[in-house]
Amino acid sequence: IDELLAAGVSGKRVFVRADLNVPLDGATITDDGRIRAVLPTIKALAEAGAKVVVASHLGRPKGAPDPAFSLLPAAERLGELLGAPVAFAQDTVGPAAHDAVDGLQPGQVAVIENLRFNPGETSKDDAERDAFADRLAALADVYVGDGFGAVHRQHASVYDLPKKLPHYAGHLISTEVGVLKKLTEDVERPYVVALGGAKVSDKLAVIDELLGKADRLLIGGGMAYTFLKAKGHEVGISLLQEDQIPAVKEYMERAEKNGVELVLPVDVLVSPEFPDLKTKAPANPTTVAADAIPADQEGLDIGPKTRKLYASKLADAATVFWNGPMGVFEHPDYAEGTKAVAQALVESKGFTVVGGGDSAAAVRTLGFDENAFGHISTGGGASLEYLEGKTLPGLAALED
Ligand code: 3PG
């Protein structure tokens, strides 16, 4: 983007592909981290006199307009953060979008409606995506990719559109890639990775890669129960992916062979039922050893001994990557595990990276100061796929 700004953008229509896919409670944004993260790019372009056209997806609508997934709340929040009015177009490539863009003066910003209201955005059919990208290209002279959270998607606005316009990487993408490079090339050791979240299947590829890179892997969240089962423990009615047990067993063997310390919970909080996340009524969980989960109970957070153990395993790290909550942190009775890991990162003298999605939202909603972390990524899936060593379509298109 510095190259673009140096060349001058005054009066040019610049399409910024952002990731404004923020968590919503109705029309209320519960974490605006992703909007704040793209501000430097939007501000720099506006200050340079560009007509800024901001586009993003939000949620997973089915390729048609759906008010529940409107980008309007994100556009309003963007206007508040910019301290300037932001025009909002109620369609994506139709007359409203063209009117909004035509109405922009240099230095002004417009947001177009959710890209995924059009089936061409996410289509697997190259021609359908290409046709939608052509319609988006008609709205701008230049493309700036800055939606790091979506660079792993081969979608029209991420992958096809940059090929049609002069294209540049925004500040956010440059920062994110710079940080993740530090974790993949010449990482400072000990390199400790904490992984949580519900499903092992989402993390298989990254675990596979990390078994050759990390010094220590701490496992928590729903996925821990598949590891405990693979170790031979009963897990009651906890989340379990039976079909992943052979892969997990193979990982445990490989960790031992490679000298990677694979650490599993030693105790967990259990309850016969999943907590009510709306009323947050007290759940009164019981703490049990990880090899003594009762048959009629499910594990919902790591226990106090595990919290201490994981904090001690993080204490001497020179580099930390953390992705995925340790428990059902949305309920106060099951938030302590996630808090303990976040606190260990805050206290760490090493370089700490929080990998996007739920963990980024968790540190903010649990009241941590985001400046206490080395970097909080805006990409959940994107940062994991980067660490897996995959080619990310949105980055490849910008490098082209
Ligand atoms: C994310 O939240 O990880 C990104 O915004 C991508 O969203 P998606 O998983 O719906 O493509």
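Helices, of at least four residues, and strands, of at least two, are DSSP runs numbered from the N terminus, and in these terms Gly59 is found in the loop between strand 4 and helix 3. The structure described here is a predicted model, and the positions discussed below are grouped by the annotation or element to which they belong.

In an unreviewed entry, UniProt places the feature "binding site" at Asp19, Leu20, Asn21, Arg34, His57, Leu58, Gly59, Arg60, Arg116 and Arg153. Among these positions, Gly59 counts as partly exposed because 15 C-beta neighbours lie inside 10 Å, a value in between the limits of 20 or more for a buried residue and 12 or fewer for an exposed one. Arg60, whose place is likewise in the loop between strand 4 (51-55) and helix 3, is exposed, with 11 other C-beta atoms within 10 Å. Leu20, by contrast, is buried, with 25 other C-beta atoms within 10 Å, and its place is in the loop between strand 1 (13-17) and strand 2 (24-25). Gly59 and Leu20 are separated by 39 residues in sequence, and their C-alpha atoms lie 9.6 Å apart in space. When residues up to four places away in sequence are not counted, Gly59 touches Asn21 and Phe69, whereas Leu20 touches Arg34, Ile35, Ser56, Leu58, Leu71 and Ala74. The contacts of Leu20 thus include Arg34 and Leu58, which are also listed under the UniProt feature, and those of Gly59 include Asn21, another position of that feature.

Two of the residues touched by Leu20, Ile35 and Ala74, also take part in the packing of helix 2 against helix 3. Helix 2 (residues 33-47) and helix 3 (residues 72-82) pack at an angle of about 60°, with their axes 10 Å apart. Since angles of 65 to 115 degrees would count as roughly perpendicular and those under 35 as roughly parallel, helix 2 and helix 3 are therefore oblique to each other. Helix 2 passes helix 3 in a right-handed crossing. On the side of helix 2 the contact is made by Ile35, Arg36, Leu39, Ile42 and Lys43, which meet Ala74, Arg77, Leu78, Leu81 and Leu82 in helix 3. By class, the residues of this contact comprise seven nonpolar and three charged, with no polar residue.

A further "binding site" feature, again from an unreviewed entry in UniProt, lists Lys203, Gly299, Glu330, Gly356, Gly357, Asp358 and Ser359. These residues span 157 residues in sequence, and the farthest two of their C-alpha atoms are 23.8 Å apart, so they do not all gather at one spot. Glu330 lies in the loop between strand 15 (319-323) and helix 12 (336-347), and with 18 C-beta neighbours inside 10 Å it counts as partly exposed. Gly357 lies in helix 13 (residues 357-365) and is buried, with 23 other C-beta atoms within 10 Å.

The burial of Gly357 is shared by other residues of its helix. Helix 13 is mostly covered, in that seven of its nine residues are buried, namely Gly357, Asp358, Ser359, Ala360, Ala361, Ala362 and Val363. Three of these, Gly357, Asp358 and Ser359, also appear in the UniProt list that contains Glu330. What covers the buried residues of helix 13 includes helix 2, strand 15, helix 12, strand 16 (351-354) and strand 17 (375-376). Just after helix 13, Gly367 takes a positive phi of about 95°.

Several features of backbone geometry were also examined. Most residues other than glycine have a negative phi, and most peptide bonds are trans. Asp186, although it is not a glycine, has a positive phi of about 50°; its place is in the loop between helix 7 and strand 9, and with 8 C-beta neighbours inside 10 Å it counts as exposed. Pro190 is found in the loop between helix 7 (171-184) and strand 9 (191-195), and a cis peptide bond, with omega of about 0°, joins Arg189 and Pro190. Asn284, also not a glycine, has a positive phi of about 45°. Asn284 lies in the loop between strand 12 (267-271) and strand 13 (286-289), where, with 8 C-beta neighbours inside 10 Å, Asn284 counts as exposed.

Methods: Residues numbered from 1 in each chain as written. Predicted model: local features only at pLDDT ≥ 70, side-chain atom pairs only at ≥ 80, totals over all residues. Axes fitted to C-alpha atoms, helices over the stretch in contact; angles between N-to-C directions. Parallel < 35°, antiparallel > 145°, perpendicular 65-115°, else oblique. Left-handed = near helix turned anticlockwise from the far one by under 90°. Contact = placed C-beta atoms within 7 Å. Nonpolar A, V, L, I, M, F, W, Y, C, P; charged D, E, K, R; others polar. UniProt positions renumbered as here; feature names shortened; annotations may be inferred.
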